[in-house]
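Biologist: Please put the model on screen. I have a few short questions about it.

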2 protein chains.
Amino acid sequence: MKELKEKIINEGSVLSDTVLKVDSFLNHQLDPELMKLAGEEIAARFKDTGITKILTIESSGIAPAFMAGLTLGVPVIFARKRKSLTLNNHLYVAEVTSFTKKETNEICVSKDFIHADDKLLVIDDFLANGQAVLGLMDIIDQAGASSVGVGIVIEKGFQDGGRMLREKGIRVESLAILKSLENGTVSFLEEELVR
Amino acid sequence: MKELKEKIINEGSVLSDTVLKVDSFLNHQLDPELMKLAGEEIAARFKDTGITKILTIESSGIAPAFMAGLTLGVPVIFARKRKSLTLNNHLYVAEVTSFTKKETNEICVSKDFIHADDKLLVIDDFLANGQAVLGLMDIIDQAGASSVGVGIVIEKGFQDGGRMLREKGIRVESLAILKSLENGTVSFLEEELVR
């Protein structure tokens, strides 16, 4: 997505060969117009797949997921993160390890909101090693529901989450795919090359 | 807001005399169309106040704040919650005690995103004792910026946050004000009565 790539070039900050900071429009401050375009673009790519609900994780996934849900006319569920296990039989729970933050969180979704006949689109802000997406897919499996695929705002193409998910046969659509952050410079992979 | 009050009546679950669960459209699953109306209504009430940015807290404030930001054409900042103090000179930090959850969290906002000439609209999903709003106001003060007021989706009119903020001279606009949850029944205060 052209507007997103321009924003990354203009406002993204390369903190290391693996970390891109995009706090000014995605992870802390939101650019509503850009998030609207991102949500609409993800919605457009999956529009004929019979989606009944969208599933994301708090907090940075909420804005693009919300806009995709508004565009498609379906509810949006945000999985909750939590540190410790409080036993609750009414929750689907999955573990997610963040390599960046070196911590494991549980994510959970109430059983009230995903049913066996649901077809879910998973949306997240970043795709790196794919652990968050696998956690969300695990929750969808626990509910006996199905997924139509994954919509991502920024994919780190140099980490293996995208390849791993695509090799499992999961449809992954990313609005911008980072080829490299080496030497403090952002370069993009053309999306056509990963389809 | 009529649509919101109807949704609360139809889908809200009264867990006790003080707790209303609205997980199906605001706190866990989002009803995008209703959140759009809520954000637009808050934006309309404050539209002539010269807002430069919107400030909310992750996670349930994000959807209505995002829609208000999209409507007004201004960026939306979501304050981050965190458990423990990591020293970081580049953050504004405030403490927020949740009486419901019986815990104190720090909320923080990067100094990059609030400046002395900013006029901020604070938006949150619930207003109960007002501690979260006070924390956000504290951060605005630390930045030397000013606030035009507070937009709330659901105010618990039987708790004292709304009165306390209004007595400080802060403009508080709530889309639905709960008068009581006693006997498992939701009743609303007419908004005109609190102005």
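Biologist: How far does the backbone oxygen of A:Thr18 lie from a polar atom of the side chain of A:Lys156?
Modeller: Bear in mind that this is a predicted model. A:Lys156 sits in strand 9 (residues 146–156) of chain A. Its contacts beyond four places in sequence include A:Thr18 and A:Val19. The backbone oxygen of A:Thr18 and a polar atom of the A:Lys156 side chain are separated by 2.9 Å.

Biologist: Is A:Lys156 buried or exposed?
Modeller: The cut-off for buried is under 20% relative accessible area. A:Lys156 has 8% relative accessibility, so it counts as buried.

Biologist: Which side chain does A:Asn27 join through a polar contact of 3.1 Å?
Modeller: The unreviewed UniProt entry annotates a "binding site" that covers A:Leu20, A:Asn27 and A:Lys156. A:Asn27 belongs to helix 2 (residues 23–27) of chain A. Among its contacts beyond four places in sequence are A:Ser60, B:Phe78 and B:Arg80. The 3.1 Å partner is the side chain of A:Ser60.

Biologist: Why does A:Asn27 count as buried?
Modeller: Buried means under 20% relative accessible area. A:Asn27 counts as buried because its relative accessibility is 12%.

Biologist: What span should helix 3 of chain B have?
Modeller: Helix 3 of chain B has 14 residues, 32–45. The expected span is 1.5 Å times one less than the number of residues. The end C-alpha atoms are 20 Å apart, which agrees with the expected 20 Å.

Biologist: Which backbone nitrogen does a side-chain oxygen of B:Asp31 reach at the start of helix 3 of chain B?
Modeller: The side-chain oxygen comes to within 3.1 Å of its partner. That partner is the backbone nitrogen of B:Glu33.

Conventions. Residues numbered from 1 in each chain as written. Chains lettered and ligands numbered in written order. Predicted model: local features only at pLDDT ≥ 70, side-chain atom pairs only at ≥ 80, totals over all residues. Heavy atoms only, no water. Helix = DSSP H or I, 4+ residues; strand = E, 2+ residues; numbered from the N terminus. Polar contact = N/O pair within 3.5 Å; in protein donor to acceptor, adjacent residues only side chain to side chain. UniProt positions renumbered as here; feature names shortened; annotations may be inferred. Buried < 20%, exposed > 50% of the residue type's maximum accessible area, 1.4 Å probe, protein only. Contact = heavy atoms within 4.5 Å.
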